[in-house]
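Let's take a walk through this chain together, from its overall build down to a handful of individual residues. Have the model open beside you as you read.

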Amino acid sequence: MIPRPRKMRFTEGTAAKDVPVKEEICAGLGTEEYRISITPGLIQLEGSGDAGLFYARTTLEQLRMIHGEELPCMEIEDRPAYAYRSFQIDCARHYFSVEELKKMIRMSAEFKLNHFHWHISDDQGWRIECKRYPKLHEIGSVRAGDHFGGCCSDERSGGYYSRDEVRDIVDYCGKLGIEVVPEVDMPGHVLAILAAYPELSCLGEPVEVGMKAGIFKELFCAGREETFVFVENLLDDLLELFPGKYFHIGGDEAPKERWNHCPRCQKRIEEEGLKNGQELQGYFCNRISSYLLSKGRIPIVWNEAVYGGNLDKEVVVQLWTEDKDNQIQAHLNKGGTAILAMVENCYCDYPYGMHSLKDMYSLKADPAKLGECGEDSVLGAECLVWTEFIRENERLEELCWPRFAALAEVGWCGADCPAYEDFRGRLEALFGLFEKNGIHATEIEGWDPDEETAARQAEQFRMNFSEEDREESMKVQADI
């Protein structure tokens, strides 16, 4: 079974296919905890609530797939190591239908992932109908072409989710024990927003929705008070749709060139007693985070937002790169918390030859590197897929599956994860789950490619980036 249950004990006898199944909510169990008792005359499922019972059902489903019509009698007691077990899908770079998202969500629920990080806004697209600022979906959801990687199309592309579709997805997730965590990236990765409302940038000049991958110079102007009014109104509009506990506000890859030459931003730095653009980003994130906290939400940011050293400890940091000058550790030492999402272990948009299934399963939380609070600093882990170079449903599915399952077990089992070969053997036995759910998963022989295959896949992936793109990226990265 995946994730492997914490405690499992075989007892005598077997249970036939027609043995009745009884479900019961037990208040004494912990959050998401469940128990299963299989006897010759009854299969008893117990959960702490709807989520616990759902996990008991999915575990029973896996048992039936492994053992067939007649189940061995056993007792299972299980609960997660981490409360935050997440998967991310980027719908900003390429739009995916509601039906495809539901397939991915349902499959994720089978492996007990419980948060859907929905990337709905980036340079290349805004994806949700907005009542307060309709130009976001009217203008920001459509780009003039698609020039990602080797694709050079000048055909208009885009799409957005209606508010009813968003509610449908949120409701669908809720029935599967999953909370939707929307992300509106800021202060960078905002070309699609600025294409609709250019007055919110430092230059105030018209821009186009991004048509290629990369890091762009345009940011929200942190010196304009109108920017904060806009963001707060936008958040109010979105909070109507997303009732969950968490809200992601990005904060990654924000080069400071525009801020460094903007008189408004420089005035803001002086008035607030800040030292530089890095601290201005901390100020920006703190203002938005404070507003979210006042609405009962917990803000999440990418780890670059920490680098000014002034990020409020209430803000959760999502780690995807190495710590810079021990700033992440300092944030955690003052009581902050983190979600683990390191590139080499968690990013599924790379081919398996670069990030193998074994690499994904190798994610470990090292308390010594995460501050004085150790494991208490870690909320959980997340597997991610960015879609700059992913256009088709089948390609999305084969890149994510079964790698999402590896991160699901890591998040559920924590330090008690069994050896990789044990996990791989169980996964092979459950491969039929993907077929049952209509998922086009990568076949077993592709999970851990040999050196020759890995080298070929890596070279093919690098062809998505021209030499010019690489040079430009290095210049911009130096300014972050």
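This report starts with the chain as a whole and then turns to its core and to some local details.

## The chain as a whole

Please keep in mind that this is a predicted model. The chain holds 18 helices and 16 strands. Its radius of gyration is 23 Å, close to the 23 Å that the globule rule gives for 480 residues, so the chain is as compact as a globular protein of that length. The C-alpha trace spans about 75 × 45 × 45 Å along its principal axes.

Of the 480 residues, 57% count as buried. Among contacts between residues at least 6 apart in sequence, 72% join residues at least 24 apart.

## Surface and charge

About 19,400 Å² of the chain is exposed, and carbon and sulfur atoms supply 47% of that area. The charged side chains number 54 positive and 87 negative. The centres of these two sets lie 3 Å apart.

## The nonpolar core

Which residues touch the most other members of the largest nonpolar core? In this set of 141 residues, they are Leu101, Phe116, Trp118, Leu136, Phe220, Phe230 and Trp401. Helix H14 gives the most to this core, with eight residues. Another core lies apart from it and has six residues, including Tyr84, Val181, Ile300 and Ile339. As a general background, nonpolar side chains in soluble globular proteins tend to be buried together.

Leucine 101 is a good place to look inside the largest core. Leaving aside neighbours within four places in sequence, leucine 101 is in contact with Ile89, Cys91, Phe96, Phe116, Trp118, Tyr161 and Ile169. Two of these partners, Phe116 and Trp118, are also in the list of residues that touch the most other core members.

## Helix H14

Helix H14 runs over residues 403-413 and is mostly covered, with eleven of its eleven residues buried. The buried residues include Arg403, Glu409, Gly411 and Trp412, so charged side chains are found here too, under the 20% relative accessible area that marks a residue as buried. After H14 comes glycine 414, whose phi is positive, near 60 degrees.

Serine 356 gives a second view of this helix, since Arg403 is one of the residues it touches. Serine 356 sits in the loop between helix H11 (343-346) and helix H12 (357-361), and it is buried because its relative accessible area is 11%, under the 20% cut-off. Not counting residues up to four places away in sequence, serine 356 also touches Trp447, Asp448 and Pro449.

## Around arginine 85

Is arginine 85 buried or exposed? This residue of strand S6 (residues 84-90) has a relative accessibility of 1%, so it counts as buried. Leaving aside neighbours within four places in sequence, the contacts of arginine 85 include Gly411 and Trp412, both of them buried residues of H14. Glu32, Tyr55, Pro80, Lys112, Leu113, Asn114, His115 and Ala381 are in contact with arginine 85 as well.

Two of those partners have backbones worth a look. Glutamate 32 has a positive phi of about 70 degrees although it is not a glycine. It is found in the loop between strand S2 (21-25) and strand S3 (34-38), and with a relative accessible area of 9% it is buried. Lysine 112 has a positive phi of about 70 degrees too, and it is not a glycine either. Its place is in the loop between helix H2 (98-110) and strand S7 (115-122), where lysine 112 is buried at a relative accessible area of 1%.

## Cis peptide bonds and a distant pair

Where are cis peptide bonds found? One runs from isoleucine 2 to proline 3, with omega near -5 degrees, and proline 3 lies in the segment before strand S1 (7-15). Another joins methionine 186 and proline 187, with omega about 5 degrees. Proline 187 belongs to the loop between strand S11 (179-184) and helix H5 (191-196).

Glutamate 392 lies in the loop between strand S16 (378-385) and helix H13 (393-400). At 47% relative accessibility, glutamate 392 counts as partly exposed. Its C-alpha atom is separated by 9.1 Å from that of histidine 94, although the two residues are 298 residues apart along the chain.

Conventions: Residues are numbered from 1 along each chain as its sequence is written. This is a predicted model: local features need pLDDT of at least 70, side-chain atom pairs count only at pLDDT 80 or more; totals for chains, interfaces and linings use all residues. Side-chain values use heavy atoms; hydrogens and water are left out. Helices (H or I, at least four residues) and strands (E, at least two) are DSSP runs, numbered from the N terminus. The radius of gyration is taken over C-alpha atoms; the globule rule is 2.2 Å times the number of residues to the power 0.38. Buried means under 20% relative accessible area, exposed over 50%, partly exposed in between (1.4 Å probe, protein chains only). Contact means heavy atoms within 4.5 Å. Accessible areas come from the Shrake-Rupley method with a 1.4 Å probe; for residues, only the protein chains shown count as cover. Lys and Arg count as positive and Asp and Glu as negative; His and the chain ends are not counted. The place of a charge is taken as NZ of Lys, CZ of Arg, CG of Asp or CD of Glu. A nonpolar core is a set of buried Ala, Val, Leu, Ile, Met, Phe, Trp, Tyr and Cys residues joined through side-chain atoms within 4.5 Å.
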